[in-house]
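Me: Hi! I'm new to reading structures, and I'd like to go through this one with you. Can we take it step by step?

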Amino acid sequence: MMDSIVSILNRSPYSISSQEKDAIYEDIFFNLTNHHYSNCPQYRRILDTLGYDTKKTHTIDDIPPIPVRLFKEYELVSVDRSKVVKTMMSSGTSGQKVSKIFLDSETASRQTKALAKITSEFIGKKRLPMLVIDTKEVVKDRNLFSARGAGILGFSLHGFDVTYALDKEMNLDIEAIEAFSTKHKDKDILIFGFTYMIWELFYKELVKLNKKLGLDKGILIHGGGWKKLAAEEVDNSTFKKNLQNVCGIQRVHNYYGMVEQTGSIFMECEAGYLHSSAYSDVKMRRHGDFSVCDIGEVGLIELISIIPSSYPGHIILSEDTGEIVGIDDCQCGRTGSYFKIHGRIKKAEIRGCSDTFS
Amino acid sequence: MIPFHDDNNIEVLIGTQPDLIKPLMPFDDQCCDFLADLSSILNVLPESKTYPEIMAFAFWCRKANITKIKSIYTDLDSRIGLGIVFHIAPSNVPINFAYSLVFGLLSGNANVVRVPFRLFPQVDVICSAINKVLANKKYQDIRNMISVIRYEYNDTITEDLSSNCDARVIWGGDDTIRKIRSFPIPVRGTDISFADRYSFCVIDSESIADLDQIKLIQLAEGFYNDTYLMDQNACSSPHLVVWAGHHKTETKKKFWDAVNDIVTKKYDLEAINSVDKYTLLCQNAIALEEISSLDRYKNYLYRQTIKELPANIDTFRGKCGYFFEYDANDINEISHIVNKKYQTLTYYGVDKQLLVDFVLKNRLLGIDRIVPIGKALDIGLIWDGIDVIRSLSRVVDVH
């Protein structure tokens, strides 16, 4: 199993046809599932309860996904605890439960490798001057290994002269930004940050200050979700348009990913679609019976990644909905399935009398 | 305290602050007539068609039903209401405040009812109907006995209202009740709390085997109404089905297939329901060691059979159509699970006297209600083991 994972990780992320990928994946995921089944007791109980037979071969469609919320409720590990080198946490607001993801060195290095290979496809292999729309504080405390810090560190491998656009108090450090942009004028630069923070603490502040930046050659990569921006009715195209107006950035790539599958992110291509790579896939599932949707049909997003072996996060059921737009035939030329996100599933109105006094 | 109308934090939906309190005898004629008129008005409102729970409430307070309930009481001649009852309705059940108000009225009291802060159209529909009925001069006494108010969570208001009532009725989760109890009521005051409860169901498998198609569908509809109608969140909705009798495998399938048919036709399963249910299933797979098998009717109905009933089974709740099942040889073998949390036992095909004996002979601390399948959500003047009319009135002891 590990051999086939290593060999696919050595290949370029957007060149394998889905036919070939499916064949390789069937083998990898059968084995990955059995690995987690044998090594993670909670995972085993779930599969046993669902009547999954590990001896039979299964297509990926038949392997039960783990609902993403479970990583907040349980510490799910598929290796001996002594092998765990890093624990990653999702960034939850205070009072919320956070996901805990346990990494051994193999899983951690696969994450780094997958992220590097995917990113190179969009910004090139050369390191670029990098502007991070965040504060340095997030990465200072290595004990507090948050998803935010992990994202910054992961992408920083592609940058040099890494400059943080926000100070300790999360205010715009306009001097640092201007010095950075003067210094690297007319060079390709990498800009990275989280969608909501870019909008709230970078874009809006620049507007307030009435500042324009000349980051015309900048490539912006951002992720973290649209939940808060959707509430402000800011969509991807509004986001792009406004950023271009204020700082001249023309190349913007959103990515979809979660701390439970760090590394194998789904990057937005020039045509505006999110792409699965050779290291990952998505399936949309109908909520009525979890059967797999047709192309163009909206369903719950299941995320598939070859990376996790130290925790059972290789097939995850998210709480987002989306649709597959096509497979292998995106106008950007990349192979793999490409898709759109429709957003987070709506909270149901709770009926009943187990209430809160509000 | 500050009068309602001068307090900007309080929105008054009905009435004024009760000042001169004059209680009535339980089931006073004026009160019963008022409910009958309210029932007629609600019945013909177009909005009632949109909200089946308003229809159900109207049906409940119709004249015939109130007369029938009244006839059960034989000792009301020397009873009179306590005075003012302060009601705190649950925040997520729009209609509940109306029943609570009727409880207070029928026992002869003036009432201050706090409805959920969250806006529910059902609340406004009922309040405007009540206002319409109260406009009739003959209900002058009743008018002075009803105030319905809405305010955002506010300790001062709750404290004030608590200190000025003769009885307080609290509906809600355990934390809510604890919180509200921290505000004292007068020394002679009565507190009635309707807290979080757990309910289950007993079915005799042989009676299912004998059922014809029509009766089977009726039974399945009753079960659907007990559970799916409130996404299984109501205190009286069962989470556990205990099977008695023989030939269980086939008859169980017969029953659940019929339930599933109705669910597929009627239930609006949302994506969040599926995800919640599936997540719960995975959590239970980890946490509940006694699971022996799972039957899934897609994501519409989950049945999880458990081979032994752990004493804490009441902490495992289903939602939106998720049931635990247990095969029993004798009902008495499950007495160990029953604790104070247990409220309603719904049944089919089992002699109800047997179930009463189950509670009494085993000297159980829980189970306050034993009703046929289909009646789980029917609210009554005896609720959670409390005789509301007698608890909210006093006796004039005459010799």
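Reply: Happy to! Let's begin with how chain A is folded together: of its contacts with a separation of 6 or more, 69% are between residues 24 or more positions apart. Keep in mind that this is a predicted model.

Me: How many helices and strands does chain A have?

Reply: Chain A has 11 helices and 14 strands. Its radius of gyration is 21 Å, close to the 21 Å that the globule rule gives for 358 residues, so chain A is as compact as a globular protein of that length.

Me: And what box do the C-alpha atoms of chain A fill?

Reply: Taken along the principal axes, that box is roughly 60 × 55 × 45 Å.

Me: What share of chain A's residues count as buried?

Reply: Of the 358 residues, 53% count as buried. As for the surface, chain A has about 15800 Å² accessible, and carbon and sulfur atoms account for 48% of that.

Me: What about the charges in chain A, how far apart are their mean positions?

Reply: There are 46 positive and 47 negative charges in chain A, and their mean positions lie 4 Å apart.

Me: Let's zoom in. Where does A:Lys136 sit?

Reply: You'll find A:Lys136 in the loop between strand S4 (128-135) and helix H6 (137-140) of chain A. Its relative accessibility is 48%, so A:Lys136 counts as partly exposed.

Me: Which residues does A:Lys136 touch, apart from its neighbours within four places in sequence?

Reply: Leaving those neighbours aside, A:Lys136 is in contact with A:Tyr164 and A:Leu166. You can also look at A:Thr163: it is 27 residues from A:Lys136 in sequence, and the two are 8.6 Å apart in space, C-alpha to C-alpha.

Me: OK, next one. Is A:Asn242 buried or exposed?

Reply: A:Asn242 counts as buried, because its relative accessibility is 16% and the cut-off for buried is under 20%. This residue lies in helix H11 of chain A, which covers residues 236-247. Beyond its neighbours within four places in sequence, A:Asn242 is in contact with A:Trp199 and A:Tyr203.

Me: Switching to cysteines: how many disulfides are there over all chains?

Reply: The structure holds 0 disulfides. You can still look at a couple of cysteines: A:Cys247 is buried at 0% relative accessibility, and B:Cys320 is buried too, with a relative accessible area of 5%.

Me: Right, chain B then. What's it built from?

Reply: Chain B has 15 helices and 17 strands. Its radius of gyration is 22 Å, close to the 21 Å from the globule rule for 399 residues, so chain B is as compact as a globular protein of that length. The C-alpha atoms of chain B fill a box of roughly 65 × 55 × 40 Å along the principal axes.

Me: What share of chain B is buried, and how much of its contact count comes from residues 24 or more positions apart?

Reply: In chain B, 57% of the 399 residues count as buried. Residues 24 or more positions apart make up 75% of the contacts with a separation of 6 or more.

Me: And what does chain B expose?

Reply: Chain B exposes about 17000 Å², with 52% of it supplied by carbon and sulfur atoms. On the charge side, chain B has 43 positive and 52 negative charges, whose mean positions are 2 Å apart.

Me: Which loop holds B:Asp75?

Reply: B:Asp75 lies in the loop between helix H4 (63-72) and strand S2 (79-81) of chain B. It is partly exposed, with a relative accessible area of 32%. B:Asp75 and B:Arg390 are 315 residues apart in sequence, while their C-alpha atoms are 9.7 Å apart in space.

Me: Last topic, backbone angles. What is phi for B:Asp231?

Reply: Phi of B:Asp231 is near 55°, a positive value in a residue other than glycine. B:Gln232 has a positive phi as well, about 70°, although it is not a glycine.

Me: Why point those out?

Reply: Because most residues other than glycine have a negative phi.

Me: Where are B:Asp231 and B:Gln232 in the chain?

Reply: B:Asp231 is in the loop between helix H11 (213-227) and strand S9 (238-244) of chain B, and B:Gln232 also lies in the loop between H11 and S9. As for exposure, B:Asp231 counts as buried at 4% relative accessibility, and B:Gln232 counts as buried at 1%.

Notes:
Residues are numbered from 1 along each chain as its sequence is written. Chains are lettered from A and ligands numbered from 1 in the order in which they are written. This is a predicted model: local features need pLDDT of at least 70, side-chain atom pairs count only at pLDDT 80 or more; totals for chains, interfaces and linings use all residues. Side-chain values use heavy atoms; hydrogens and water are left out. Helices (H or I, at least four residues) and strands (E, at least two) are DSSP runs, numbered from the N terminus. The radius of gyration is taken over C-alpha atoms; the globule rule is 2.2 Å times the number of residues to the power 0.38. Buried means under 20% relative accessible area, exposed over 50%, partly exposed in between (1.4 Å probe, protein chains only). Contact means heavy atoms within 4.5 Å. Accessible areas come from the Shrake-Rupley method with a 1.4 Å probe; for residues, only the protein chains shown count as cover. Lys and Arg count as positive and Asp and Glu as negative; His and the chain ends are not counted. The place of a charge is taken as NZ of Lys, CZ of Arg, CG of Asp or CD of Glu. A disulfide is a pair of cysteine sulfur atoms within 2.5 Å.
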